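Reader: Please present the structure, and then take me through its helix packing and its chain contact by question and answer.

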Amino acid sequence: MTAVFKYLKAGAWAAICVCFALIFAQVWLDLKLPDYMAEITTLVQTPGSVMRDVWIAGAKMLVCCLASVATSVAVGFISARVAAGFSRDLRGGLFAHVENFTMEEIGGFSTASLITRTTNDITQVQMLVAMGLQIIIRAPIMAVWAMLKISAKQWEWTALVGAAIGAMILLIVFMMIYALPKFRKIQTLTDNLNRVTRENLTGIRVVRAYNADKYEEGKFETANHELTDNNLKVFSAMAVFMPFISIVINGMSLGIYWIGAYLIDAAPITDKITLFADMITFSSYSMQVLMSFMMLVMIFVMLPRVMVSVRRIAEVLTTEPRIRDGNVTESPAGVSGEIEFKNVSFKYPGAEDYVLREVTFSAKRGETVAIIGSTGSGKSSLLNLVTRFYDTTEGSVSVDGIDVRDYTQEALRNKLGYVPQRAILFKGTVTDNVKFGFSASSHSDVLGDVKKAVSIAQGTDFVEAMSDGYESAISQGGTNVSGGQKQRLSIARAIYRNPEILIFDDTFSALDYKTDRALRSTLKRETSGITSLIVAQRIGTIRDADKILVLDGGRLAGIGKHSELMNSCEVYREIALSQLSEEELV
Amino acid sequence: MNDEYEFGSAKTGDDDRDDDKPENFKEAWIKLLRYSKAYFPVLIIAVICSAASSILTLIGPDKLRELTNLVTDGLLSGIDLAAVGTIAVSLIVLYSVGAVLSFAQGITMTVVSQKLSKNLRTSISKKINRLPLKYYDSNSYGDILSRVTNDTDTLGNSLNQSIGQLVHAAAMFIGSIIMMFKTNPQMAVTAVASTILGFGVMILIVSRTQKYFKQNQDNLGDINGHIEEIYAGHNIVKAYNGERGAKQTFDEINDRLYESNWKSQFLSGLMMPLMGFIGNFGYVAVCVVGAYLVMHSVITFGVIVAFMIYIRLFTQPLSQMAQSFTSMQSTAAAAERVFEFIDEADMPPERETLTAVDCAKIRGDVSFNNVVFGYSEDKTVINDFSANVKAGQKVAIVGPTGAGKTTMVNLLMRFYEIGSGEITIDGTSISQISRENVHDMFCMVLQDTWLFEGTIRENIVYSKRDVSDASIDAACNAVGLDHYIRSLPKGYDTILGDNANISAGQRQLLTIARAMIQNSPLLILDEATSSVDTRTELLVQNAMDALTVGRTSFVIAHRLSTVRNADLILVMRDGGITEQGTHVELLSRGGFYAELYNSQFEDS
């Protein structure tokens with residue numbers, strides 16, 4: 001809670017105080033209105049009154065109305081600015097906090113969930129703040145004040161209003177108990193329906209090939225029926241709402257007049273006109289009381305939902321990233337591109353089993369180290385330790401002789417050019433994407449370097465064929481370029497950094513053999529002096545590496561050159577033979 | 001704790017498309033009404049209930065006027081309490097009947113709109129399986145999904161609101177004007193004039209504010225897009241120290257959003273006080289004019305009381321009608337999108353005379369005779385292709401990414417119809433066999449392993465009926481999954497969900513087991529092993545070899561190593577078949593295949 005609301009700054013609190021004062025004034029004005037009405041009533045009912053007095057009272061009423069609107073507008077203005085400012089600051093704070101997260105926290109929340117928390121949930125909270133400043137403050141003030149005015153009058157009327165409020169509360173309790181849980185279920189059921197449909201769509205070929213359309217439709221109908229059934233219950237309950245409220249309001253007005261008739265009839269002659277005027281004002285006041293209650297109810301209905309949002313945001317804000325920055329920003333002079341793993345074991349946080357066990361190896365400047373192994377053998381995990389997406393469980397990983405945990409993350413990553421398996425591009429131009437992460441002034445010849453990086457990544461042809469060349473727009477998620485093109489731009493991005501170490505996480509299997517080969521030979525030519533760490537599946541990609549690590553179930557099953565491993569490492573030979581026939585491998 | 005529920009509106013997908021405005025309001029409504037024909041009688045009842053309850057609400061103030069008059073008349077002489085009682089009782093009856101009618105209206109509209117949404121969803125679901133695959137090549141799943149949920153949901157909710165509310169508001173509006181003029185023309189003019197004045201001011205303000213709402217919507221879309229992109233690419237942002245740049249862009253959009261946000265929030269917040277003001281303004285006008293008239297004995301005091309309520313009844317429907325018109329617009333926009341999908345062209349109908357083929361008796365000779373095919377009419381990708389595949393042979397289809405390797409599958413499975421020529425199975429043209437029958441002849445394993453949320457057993461058995469446990473065991477044994485499944489606490493009943501602990505290789509093996517259960521005479525493997533590493537592939541390959549025995553098989557492969565022993569290799573490039581022959585033949589020809597094959601061994 002406090003984690004979220006600390007984003008309401010001092011200025012906002014001052015503004016809220018002003019709101020308070022304004023709302024007091026507004027309530028006073030709104031309650032003044034029926035008073036003037038009473039005045040007019042008395043004037044009308046008293047023989048011999050002058051029309052001029054009626055006009056005066058009318059004019060006063062109008063002034064009240066205008067003043068009330070003016071305060072409303074002022075409150076609306078302040079609350080809109082406070083709420084929008086709050087949501088801006090909260091959103092900015094949340095975004096910055098998530099930016100500090102490591103893969104572990106991101107995985108823990110799931111990307112989709114973090115997105116909803118930064119967008120929808122904040123919108124929810126903002127709405128509450130905006131409405132809150134207007135309604136949460138106003139409704140109780142109005143309810144209490146109007147009640148005070150009323151209770152001074154006849155108790156019979158007050159009792160009636162009490163009964164009306166009681167009826168409303170009854171309705172709300174019914175809604176809370178009966179409808180609210182079903183209301184919440186709607187989203188789950190909708191998700192379910194969505195899932196079934198998505199499955200049918202993504203597997204459309206399988207569905208057709210297996211003649212499973214009836215089967216899928218059956219699943220859909222079950223989900224559809226459940227959703228409809230629940231919706232029917234919820235919305236039928238909602239259908240009670242309006243008629244019930246109107247009968248309470250109408251009943252109350254009628255009751256006031258009916259009771260009024262008896263009270264006036266029984267009153268002494270001198271009090272009759274005052275009592276009549278009271279009756280008219282009372283019905284206005286009681287309406288105000290009832291309306292404020294209605295507003296409060298709305299807030300109460302909204303509140304649980306907003307509280308969930310608040311909790312979800314707070315959850316993110318109070319989660320601290322597990323990986324801490326070190327303080328080394330410079331590695332020793334003269335050392336570059338060296339990687340060393342010493343007895344490294346690693347398991348994912350919360351997991352039972354180790355992914356890597358006692359891995360030891362080193363890479364010197366300019367070497368190409370390849371990592372091969374079956375799915376789940378820990379290849380990508382090994383890379384994640386170099387980039388420090390995760391920290392080792394035991395042992396140490398060092399780059400340029402210094403433990404990666406001692407660097408600031410920024411300094412460490414400035415040494416690395418990382419290319420993931422799934423290429424990720426951002427909205428912007430081709431150039432923006434290639435120079436990602438750099439400020440404008442870091443390279444003297446930005447375009448020249450971008451062109452060079454793209455050309456090494458074998459992307460010149462397609463980039464220059466695009467309508468605006470290097471300034472061509474890349475749409476969100478890079479959906480306007482093909483998978484292979486995305487991958488090549490993502491490689492160019494790594495090269496542009498001119499890193500000490502290039503890291504390719506199974507980058508090449510998305511490319512066809514020819515591009516793969518061309519790219520590797522250019523890389524070798526143009527980036528000598530850069531250490532490369534390559535995870536691959538194809539033997540062809542790695543057979544000329546300086547060092548090949550063979551991983552099997554997280555352990556190092558072999559290390560050496562292709563020819564050595566073919567003789568010494570059973571696992572490696574098996575992998576190789578599954579891809580190429582024996583005579584081709586010699 | 002990650003349950004993403006939201007209970008106001010159950011929405012999915014992105015909301016930043018401008019979907020509130022229909023292209024053709026009238027046509028959409030006509031379609032919707034035609035679709036809901038069956039509900040007309042119920043709808044009419046709802047409309048009658050709504051109108052009737054409005055009329056009853058209008059009689060109320062008139063009765064209240066009588067009551068007030070009884071009180072004022074008796075101020076000095078004593079009130080006729082019996083008469084007051086009669087009126088009060090009749091009012092209670094009036095209110096109760098009105099409430100019941102309005103409730104009846106609400107319930108019927110709810111039922112109709114929910115049933116209608118349900119039917120629409122069913123229609124969409126059925127349509128999904130009737131559309132030609134071509135449709136899915138050019139339309140995104142997200143779009144279809146949002147039609148199933150968002151649009152039917154919007155349609156249901158807005159329909160529920162719009163019709164009932166419109167009838168109610170219209171009846172109220174017309175009725176209250178009539179009642180006001182009937183009660184007292186001068187007062188009626190006062191009330192109407194003051195309200196119109198108020199609304200004039202409001203419309204003036206609203207018309208100037210629309211652009212802020214649009215701006216706000218746009219900025220919201222921008223910031224959501226940015227957040228999505230940065231969160232999804234978190235590892236890249238981290239690895240490249242892109243946090244600062246990302247935050248900068250974020251702040252820029254966030255500031256823009258703040259500006260448009262408070263403006264639109266403020267302006268929309270203005271509506272309530274303004275409506276209140278219009279009400280109050282009318283109230284004052286009625287009071288003053290009423291007082292004048294009472295003092296000049298033109299009207300009784302009861303008229304003022306009645307008008308105080310009339311003014312409320314009169315201003316309400318105006319905003320309600322505006323609201324329900326917006327609802328009707330979003331109903332139309334949603335209906336348009338739903339019907340657009342439902343009205344898409346189905347797959348071409350089957351021939352009238354079909355040959356039924358018994359899968360159990362198929363040998364598996366497949367021949368392509370002068371097959372011509374193109375995805376669009378102006379571009380032929382397969383030109384006069386002929387080949388004979390004998391029962392039990394293995395056909396491999398190779399080529400670089402994007403060469404159109406799945407085309408052959410599409411044609412064999414009749415996912416697409418060929419232009420001319422024919423494909424025959426055991427001599428019968430597949431165009432003479434029903435699609436269902438053709439599908440039955442093939443087992444198919446695809447590149448992207450498709451599993452659904454359900455138990456392992458359900459995923460393996462899938463739509464096949466009466467599958468014995470023994471045959472499931474046998475299939476899992478054959479693909480080498482038995483050990484994995486036995487290691488799971490619930491075995492075959494383990495549910496495969498989002499967070500199921502299952503590797504890509506195991507997923508692939510499951511789909512192969514599914515194909516085994518299917519046990520059809522022909523086999524299609526569409527790059528079935530490319531998401532599995534080469535060692536697991538060995539496992540899979542062994543399983544596959546067992547599967548291919550005695551089956552004519554078509555294998556699409558990325559890896560040339562898996563296709564060398566094929567009886568026929570089809571080499572595809574730029575959508576068409578460029579070469580065909582065996583591995584040795586193709587190598588000696590020195591064409592594209594040889595180039596492709598050799599490129600993997602050259603030193604880089």
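The exchange below concerns a predicted model.

Reader: How many residues does each chain bring to the contact between chain A and chain B?
Author: The model is predicted, and the totals for its interfaces use all residues. Chain B gives 123 residues to the contact, and chain A gives 137 residues.

Reader: Which helix supplies the largest share of the side of chain B that touches chain A?
Author: By class, this side of chain B has 63 nonpolar, 40 polar and 20 charged residues. Its largest share, 26 residues, comes from residues 243-295 of chain B, which form helix α8.

Reader: What distance separates the end C-alpha atoms of α8(B), and what span should its residues cover?
Author: The helix has 53 residues, and at 1.5 Å a residue these should span 78 Å. The computed separation of the end C-alpha atoms agrees with this expected span, at 76 Å.

Reader: Which residue with a positive phi follows α8(B)?
Author: The phi in question is near 55°. The residue that has it is S297(B).

Reader: Are α3(A) and α6(A) roughly parallel or roughly antiparallel to each other?
Author: Helix α3 covers residues 51-99 of chain A, and helix α6 covers residues 120-151 of chain A. Their axes come within 9 Å and cross at roughly 155°, in a right-handed crossing. Angles over 145 degrees count as roughly antiparallel. The relation of α3(A) to α6(A) is therefore roughly antiparallel.

Reader: How many nonpolar, polar and charged residues are in the contact of α3(A) with α6(A)?
Author: On the α3(A) side the residues include V75(A), V82(A), F86(A), L90(A) and R91(A). On the α6(A) side they include I122(A), V125(A), V129(A) and L133(A). By class, the contact has 11 nonpolar, five polar and one charged residues.

Reader: Is G93(A) in α3(A) buried, partly exposed or exposed?
Author: G93(A) lies in α3(A), and its C-alpha atom is 34 Å from that of Y470(A), 377 residues away along the chain. A buried residue needs 20 or more other C-beta atoms within 10 Å, and an exposed one has 12 or fewer. Because G93(A) has 17 such atoms within 10 Å, its class is partly exposed.

Reader: With which residues is V306(A) in contact, leaving aside its neighbours within four places in sequence?
Author: V306(A) belongs to helix α10 (residues 272-318) of chain A. It counts as partly exposed because it has 19 C-beta neighbours inside 10 Å. Apart from neighbours within four places in sequence, the residues in contact with V306(A) are Q124(A), V125(A) and L128(A).

Reader: How are α5(B) and α6(B) oriented to each other?
Author: The axes of α5(B) (residues 141-183) and α6(B) (residues 185-232) come within 6 Å and cross at roughly 140°. The crossing is right-handed, and M180(B), F181(B) and T183(B) of α5(B) meet P185(B), M187(B), A188(B) and A191(B) of α6(B). Angles over 145 degrees would count as roughly antiparallel. The relation of α5(B) to α6(B) is therefore oblique.

Reader: Which residues of α6(B) meet α5(A)?
Author: Helix α5 of chain A (residues 111-118) packs with α6(B) at an angle of about 150°, with the axes 10 Å apart. The two are therefore roughly antiparallel. From α5(A) come T111(A), L114(A), I115(A) and T118(A). The residues they meet in α6(B) are I227(B), E228(B), Y231(B) and A232(B).

Note on methods
Residues are numbered from 1 along each chain as its sequence is written. Chains are lettered from A and ligands numbered from 1 in the order in which they are written. This is a predicted model: local features need pLDDT of at least 70, side-chain atom pairs count only at pLDDT 80 or more; totals for chains, interfaces and linings use all residues. Helices (H or I, at least four residues) and strands (E, at least two) are DSSP runs, numbered from the N terminus. Two residues are in contact if their C-beta atoms, placed from the backbone, lie within 7 Å. Ala, Val, Leu, Ile, Met, Phe, Trp, Tyr, Cys and Pro count as nonpolar, Asp, Glu, Lys and Arg as charged, and the others, Gly among them, as polar. Axes are lines fitted to C-alpha atoms, for helices over the stretch in contact, and angles run from 0 to 180 degrees between N-to-C directions. Angles under 35 degrees count as roughly parallel, over 145 as roughly antiparallel, 65 to 115 as roughly perpendicular and the rest as oblique. A crossing is left-handed if the near helix is turned anticlockwise from the far one by less than a right angle, and right-handed if clockwise. The expected span of a helix is 1.5 Å times one less than its number of residues.
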